[in-house]
Amino acid sequence: MDIKGLASVTALALIGTIAAGSAQARDQIQIVGSSTVFPFSTAVAEQFGQKTEFKTPVVESTGSGGGIKLFCEGVGENTPDITNASRRMKSKELVKCNENGVTPVEVTVGFDGIVLANSKKTAVMDVTLDQIFLALAKEVPVDGKLVANPYQKWSDIDPALPASKIEVLGPPPTSGTRDAFAELAMEGGCKKVPVAKELGLTKKACHEIREDGFYIEAGENDNLIVQKLDANPNALGIFGFSFLDQNADKIQGSKIAGVEPTFEAIAEGGYPVSRSLFFYIKKEHVGVIPGIEQYLAEFTHEDTWGDEGYLADKGLIPLPVADRETVSSSASALTPLSF
């Protein structure tokens, strides 16, 4: 039996279970995934629960990678219906989904910037992409050779930077924010280091973050990073713009190449470290687990993700109008993700 046939049989079996009134039949949407998309998804879930006859969906913050892994495990009541992601699903993840009879439907919900933030008790940092790479890379060029990162203070990289210890709190490898930061900031900075190419720094090497205590994995809880930054003015934290926006009384975003992480700069493409945000619907669960299509309709309503929508108040940078129309049309048609 081919993959499509297996998916159809599995979906029919799930429909049969619910139709038979099984005590284990699920009547509540289950959502996992990105900690960055989590506050947006939670807000939509709450509105959805208030406006419709369906139960408020359960939303869990598991990280993008962890959420996609759970989502792709298969079809059935014990697997999530939707996974949020702060990066696009990888081709190998799509293959895994398809092998397990899962057909993901991709929904791009807007943009977000990845910020390096610190406490408002200290000065705003102004760093370049290459300085970020030199501060956090596992190996860096020194005197024409590739060596284990020797830099301990920001001023070791550039005397114009603060003479404070490099101490950056950031997400773990399971996080989409970590993936996007590695691609946009680390790789982007690596390309700007003059001798990187000559020394044979590969894409993988550019993405590798040091493990000697100067980068501290702080888990998937961005609120915890905010608390730690408030307590330690010398530290910097990595997270999505929405968390900066929601905690502007305590923390401030660093300038990157002289550009502040503002709503306008991210929307216009001027801020160097910005990315798209997504969620994925399990097509086999639509029409089986109640309310999935209605949840999609709530998320893609203009009053939700539009320029004046309630998600913009929470820090989401909306897609352009034409893009919103395209995404909404494709999602409503349950168009399968393909590369």
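What follows is a friendly conversation about how the words used for this predicted model are earned.

Colleague: Let's start with the cysteines. How do you know that Cys72 and Cys97 form a disulfide?

Modeller: Look at their sulfur atoms, which are 2.0 Å apart. The cut-off is within 2.5 Å, so the pair counts as a disulfide. By this rule the count comes to two disulfides, and the other one joins Cys190 to Cys206, again with 2.0 Å from S to S.

Colleague: What makes the disulfide of Cys72 and Cys97 left-handed?

Modeller: The torsion about its S-S bond is about -75°, so it is left-handed. For Cys190 and Cys206 the torsion is about -45°, so that disulfide is left-handed as well.

Colleague: Which parts of the chain does the pair Cys190 and Cys206 link?

Modeller: Cys190 sits in helix H7 (residues 176-192) and Cys206 in helix H8 (residues 203-207), 16 residues apart. As for the other pair, Cys72 lies in the loop between helix H3 and strand S3 while Cys97 is in helix H4, so that bond ties together parts that are 25 residues apart in sequence. Numbered in sequence order, the bonded cysteines pair as 1-2, 3-4.

Colleague: Why is Cys72 called buried?

Modeller: Its relative accessible area is 3%, and buried means under 20%, so the word fits. Cys97 has a value of 0% and is buried too. Both Cys190 and Cys206 are also buried.

Colleague: And Thr300, is it buried or exposed?

Modeller: Thr300 has a relative accessible area of 11%, so it is buried. You can find Thr300 in the loop between H12 and helix H13. Leaving out residues up to four places away in sequence, Thr300 touches Val107, Trp305 and Ser328.

Colleague: Now for a helix. Why is H5 described as largely enclosed by the rest of the structure?

Modeller: Seven of the eight residues in H5 (residues 129-136) are buried, so the description follows. Among the buried ones are Leu129, Gln131 and Phe133.

Colleague: What does H5 give to the largest nonpolar core?

Modeller: That core has 52 residues, and those with the most contacts inside it include Ile132, Phe133, Leu136 and Trp154. H5 gives the most to this core, with six residues. Apart from it lies another core, of 31 residues, among them Val59, Val105, Ile292 and Tyr295.

Colleague: Which residues is Val168 in contact with, leaving aside its neighbours within four places in sequence?

Modeller: Val168 is in contact with several, including Leu116, Leu136, Trp154, Phe214 and Ile238. Val168 is itself one of the residues with the most contacts inside the core of 52.

Colleague: One last pair, helices H2 and H12. How do they pack?

Modeller: Two packed helices are described by the angle between their axes and the distance between the axes. For H2 (residues 38-51) and H12 (residues 292-299), the angle is about 115° and the axes are 10 Å apart. H2 passes H12 in a right-handed crossing.

Colleague: Which residues of H2 meet H12?

Modeller: On the H2 side they are Phe40, Ser41, Val44, Ala45, Gln47, Phe48 and Lys51, which meet Gln294, Tyr295, Glu298 and Phe299 in H12. The residues of this contact divide into six nonpolar, three polar and two charged.

Key. Residues are numbered from 1 along each chain as its sequence is written. This is a predicted model: local features need pLDDT of at least 70, side-chain atom pairs count only at pLDDT 80 or more; totals for chains, interfaces and linings use all residues. Side-chain values use heavy atoms; hydrogens and water are left out. Buried means under 20% relative accessible area, exposed over 50%, partly exposed in between (1.4 Å probe, protein chains only). Helices (H or I, at least four residues) and strands (E, at least two) are DSSP runs, numbered from the N terminus. A nonpolar core is a set of buried Ala, Val, Leu, Ile, Met, Phe, Trp, Tyr and Cys residues joined through side-chain atoms within 4.5 Å. Contact means heavy atoms within 4.5 Å. Axes are lines fitted to C-alpha atoms, for helices over the stretch in contact, and angles run from 0 to 180 degrees between N-to-C directions. A crossing is left-handed if the near helix is turned anticlockwise from the far one by less than a right angle, and right-handed if clockwise. Ala, Val, Leu, Ile, Met, Phe, Trp, Tyr, Cys and Pro count as nonpolar, Asp, Glu, Lys and Arg as charged, and the others, Gly among them, as polar.
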